[in-house]
Amino acid sequence: MKNKTNILSIINKKNRILKILFFVIATFIVALNYNLILTPNKFVVGGMSGLAIVINELTGLSRVTFLNLATVVLFILSITLLDKKVAFKSLFGSLTFNFMVSITTPLIKVITINFESTFLLLLSSAVLMGVGTGIIYRSTYNTGGSDVIITILNKYLKITMGKASTIVNIIIIGSGFLIFGPTNTLYAAFILLISNYITDRILLGIKDSKMVYIKSDKASDISNYLMKKFSVGVTEMTSRGGFFSKKAPILLVIVPARKYYPFRHIITNIDNKAFVLTIDCYGATGGYKKSLLPF
């Protein structure tokens, strides 16, 4: 357990200044999208920021004031029920986001974004939100808020983070449905769906290659052809059949997506009885793939 903690500590300390810089920039992007698109159009996409739009509509309480009050309450809960390091890290994220929301709020009166197409409006918001959120998570920070509630539910109710997140966001988005109606809720759901996809791509990378396992009686012929004529690396492993316990070679190949279909034809031509298992590959350390972000 101690070794795992040390490893996590090393990961968190690596490129810390750069991570904080990217986190601040990404938080600004998310806050800008929040104030220029989500708030004026009453799109409640979940989280404390979404709830702030609902509370503002019902009571007139400013969104920044609500976010600051929520930050205090959630910090008390997190420092009481969760690890202190987690609590202070969430506090840093919450305060940074609240600050960015406060400095971008006046822009609502200065900048008016008009799109001829509602689709372009929603897509722009989703891209800004997805890119910003992806970089925030990639930097190993978060903006606090509902993440604290989700973590508490996960710890004390023993439900997964995914289920806890779904429960919290359904409640918040549901409140938006009751106040602003079904049309705005559907728009918000579209933004959330697309932004989550973009966030995943930033966290996992673009699946521009395939990881392929090949089991064949002609493994040697396939291996030689792929390395000499197809210019891809091949790793040979040994497998043992579960029924007859027969040993046989298995080839592991990372194939660029653009070359996958000719690759499959090559395998079929050499051995039409070959067993081929293909999996999406998001990253191959030390290979040809390059990271978009420096951490």
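Helix 4 and helix 5 turn out to be roughly antiparallel to each other, the label for angles over 145 degrees. Their axes come within 9 Å and cross at roughly 175 degrees; axes here are lines fitted to C-alpha atoms over the stretch in contact, and angles run from 0 to 180 degrees between N-to-C directions. This is a predicted model, in which local features need pLDDT of at least 70, side-chain atom pairs count only at pLDDT 80 or more, and totals for chains, interfaces and linings use all residues. Residues are numbered from 1 along each chain, and side-chain values use heavy atoms, leaving out hydrogens and water.

Next comes helix 3 (residues 47–59), whose axis lies 9 Å from that of helix 4 (residues 63–81), the two packing at an angle of about 130 degrees. That makes helix 3 oblique to helix 4, oblique being whatever is left once angles under 35 degrees (roughly parallel), over 145 (roughly antiparallel) and 65 to 115 (roughly perpendicular) are taken out. Met48, Leu51 and Ile55 are among the helix 3 residues making the contact (heavy atoms within 4.5 Å), and Phe66 and Leu74 are among those of helix 4.

As for burial, Gly47, Met48, Ser49, Gly50, Ala52, Ile53 and Val54 of helix 3 are buried, meaning under 20% relative accessible area with a 1.4 Å probe, protein chains only. The buried residues pack against helix 2 (16–38), helix 4, helix 5 (84–104), helix 8 (146–156) and helix 9 (161–180). Just after helix 3, Gly60 takes a positive phi of about 85 degrees.

Methods
Helix = DSSP H or I, 4+ residues; strand = E, 2+ residues; numbered from the N terminus. Buried < 20%, exposed > 50% of the residue type's maximum accessible area, 1.4 Å probe, protein only.
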